[in-house]
Structures are given as C-alpha cells and as structure tokens.
Amino acid sequence: MAPPTKARVAILTCSVVAVAAIGGWYGADLKMSQEARKRTYKSKTANGPGTLAQLEDARMALVVKRTELEKKIAELDRKRTPADANVSSKLGDKR
C-alpha cells in the first residue's frame, strides 16, 4: 500500500469538514422549519376558551394600568400651582 500523499490527505480533510458543515447547516435549517410549523399550528388552533380567558385577563390588566395612570395624571394636574399653569399655557400645553 502506497503512503498517502499530502494532496490526498488535504482532499480527505476538506471533504470531511465540508460534510460536517453542510450537515450542521441542514440540521439547523430543518429545526427552524419545524419550529415555524409548530408556531403556525399553535396559532391556527389557539382559538378556544383558554385563549379567550387569557385575552380577557390581559385586557383587565391593561384597564387597571390605564386607570392608575389616569389617576396619577389627574393628581399631577390637581397639584400644579397657578404659576405652573401660566407657564404651560404660554408654552402651548393644551391639556
């Protein structure tokens, strides 16, 4: 058996590296495709009562936040002194 030449070793090494790189790339692409299919499936099938309950809970949380912010704004408006009101009216504040 003839000893391997440097060219043959280089070609085999490059081939192994290429196969490993392409396999990794293909595997990552395959995983991303599967995850996209799962997300699509979940979004298509997510219309049951559980989803409605989650949306209602999220809406209630947002309504509570809005109410708290409106109270804070009203309190700040109430605390403003007449001097502050004159300054803001000169600047064009239309509250």
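**Figure 1. Overall fold: three helices and zero strands make up the secondary structure of the protein.** Helices (H or I, at least four residues) and strands (E, at least two) are DSSP runs, numbered from the N terminus. Read from the N terminus, the order of elements is α-α-α. The model is predicted, so local features need pLDDT of at least 70 and side-chain atom pairs count only at pLDDT 80 or more, whereas totals for chains, interfaces and linings use all residues. Residues are numbered from 1 along each chain as its sequence is written, and side-chain values use heavy atoms, with hydrogens and water left out.

**Figure 2. Surface of the protein: 1% of the 95 residues count as buried.** Buried denotes under 20% relative accessible area, exposed over 50%, and partly exposed the range in between (1.4 Å probe, protein chains only). About 9,100 Å² of the protein is exposed, and 64% of this area is supplied by carbon and sulfur atoms. Accessible areas come from the Shrake-Rupley method with a 1.4 Å probe; for residues, only the protein chains shown count as cover.

**Figure 3. Helix α1, residues 6–45.** The end C-alpha atoms of α1 are 58 Å apart, in agreement with the 58 Å expected for 40 residues at 1.5 Å a residue. The expected span is 1.5 Å times one less than the number of residues. Helix α1 is hardly covered, with zero buried residues among its 40.

**Figure 4. Salt bridge between Glu70 and Arg66 in helix α2 (residues 49–79).** A salt bridge is a side-chain nitrogen of Lys or Arg within 4 Å of a carboxyl oxygen of Asp or Glu; by this rule the count is two. The closest N and O atoms of Glu70 and Arg66 are 4.0 Å apart. The two residues are four apart in sequence, about one turn of the helix. Glu70 is partly exposed, at 48% relative accessibility.

**Figure 5. Salt bridge between Lys79 and Glu75.** Here the closest N and O atoms are 3.1 Å apart. Lys79 and Glu75 lie four residues apart in helix α2, a separation of about one helical turn. Lys79 is exposed at 53% relative accessibility, whereas Glu75 is partly exposed at 34%.
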